Amino acid sequence: MSVLDTKNITPRSLSIFTALIISLINALLSLFVSRVWYTPLIIFVITFAIIYSLYYYTLQRFIYRKIKLIYKFIYQTKATKKEEIFYKHILPQKSIEEVSEDVQQWALQRKKEIEVLRDNERFRKEFLMNLAHELRTPIFSIQGYVDTLLNGALEDENVNRKFLSNANRSIDRLVRLVDDLDEISKLESGKIPIIQESFIIQELITDVYEEFSLKAKERDNHLLFKKGTERPIWVHADKPKIKQVLVNLIENALKYGNEGGTVTAGCYVIDDSYIYIEISDDGPGIGEEHLPRIFERFYRADRSRARAIGGTGLGLSIVKHIIEAHGQTVNVRSKPGVGSSFGFTLEKNKV
Ligand code: ADP
């Protein structure tokens with residue numbers, strides 16, 4: 001690097017350059033006064049030493065002290081030992097250009113942080129609004145039935161049991177909502193750790209199928225495995241949480257699927273490390289415009305139908321949380337009139 005690289009002027013190089021010019025001029029001028037050969041040399045050395053020290057000291061003191069202040073402000077913390085070394089040794093080597101780049105980078109970082117905070121604020125507001133909305137429906141319904149019962153319906157044998165059981169359904173819905181919210185907040189705060197174990201994924205799917213067998217029978221639904229994917233695959237994951245994922249996906253496939261429809265589970269080996277599990281139905285499907293938001297909290301594709309079915313709107317967002325906590329991904333493919341497939345990856349057990 002040349003002494004005076006214009007892009008990278010450091011205080012040292014600037015001091016050397018200035019001292020060099022002035023001491024050279026002085027040395028040349030001394031030739032007119034003295035004929036002794038070493039006079040210009042002495043003049044050169046002395047002037048260089050004085051100018052260099054003065055200039056370097058001034059730059060350090062007045063300019064770099066200010067810059068040091070800027071860095072202290074940027075880092076916002078009390079200097080640690082490492083930072084002290086930085087201030088003493090690295091900072092004086094930095095050029096003004098580099099300092100300006102650092103400041104610009106800092107400003108960019110701050111801008112990003114502010115954007116994240118703004119997004120979080122928006123999510124929080126949206127979440128509260130949605131939550132209030134979700135709570136309102138069952139609470140109003142309970143209030144309505146209790147009021148009617150108190151105002152005389154309690155004595156009417158024709159309706160009292162019906163009203164009470166309707167109120168009870170709304171209470172169930174509230175309980176489900178609180179349970180799901182509890183689950184989500186635990187997942188989001190990272191309070192429940194992922195405890196991995198080895199198990200056969202098809203066996204877990206069969207367990208869940210068995211739990212839903214009565215419900216499936218009621219609507220004449222079939223719970224099957226995709227042909228050719230029945231061969232047992234060992235996975236390494238948190239079994240109870242993956243069971244929750246399967247419960248949510250299979251329950252949705254049954255809830256939103258057609259009467260007499262089929263739910264199919266497929267387990268595919270991707271490579272030595274990963275497998276892909278897909279739960280498909282031949283139900284009404286989901287419009288393309290809804291797919292990017294389907295995993296958001298409280299998002300529903302078909303609002304009136306979803307509400308009538310009585311879901312909390314949190315099932316898929318719990319699925320996403322659990323899968324991402326495993327460091328894996330979840331996706332959806334769907335076509336209106338054809339059906340939906342929800343798939344996720346899992347780590348294969350290395351035997
Ligand atoms: P919900 O409690 O409403 O079922 P989810 O988060 O589980 O909430 O699902 C979000 C929305 O995605 C549902 O309201 C529904 O509109 C849509 N959805 C989920 N699974 C399916 C599916 N298998 N077929 C059609 N629509 C589905």
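A polar contact is a pair of N or O atoms within 3.5 Å; within protein, one must be able to donate a hydrogen and the other to accept it, and residues adjacent in sequence count only if both atoms are side-chain atoms. In this predicted model, local features need pLDDT of at least 70 and side-chain atom pairs count only at pLDDT 80 or more, while totals for chains, interfaces and linings use all residues. Residues are numbered from 1 along each chain as its sequence is written, and side-chain values use heavy atoms, with hydrogens and water left out.

A polar side-chain atom of Ser 340 lies 3.5 Å from a nitrogen atom of the ligand. On the backbone, a polar atom of Leu 316 is 2.8 Å from a ligand oxygen atom, and an N or O atom of Gly 315 lies 3.3 Å from an oxygen atom of the ligand. Of the 530 Å² of accessible area (Shrake-Rupley method, 1.4 Å probe) that the ligand has on its own, the protein covers 97%.

The ligand is surrounded by 21 residues (a heavy atom within 4 Å); Asn 252, Tyr 256, Asp 281, Gly 313 and Leu 316 come nearest. Helix 8 (239-256), helix 10 (315-325) and strand 7 (339-347) each supply at least two residues of this shell. Helices (H or I, at least four residues) and strands (E, at least two) are DSSP runs, numbered from the N terminus. The largest share, four residues, comes from helix 8.
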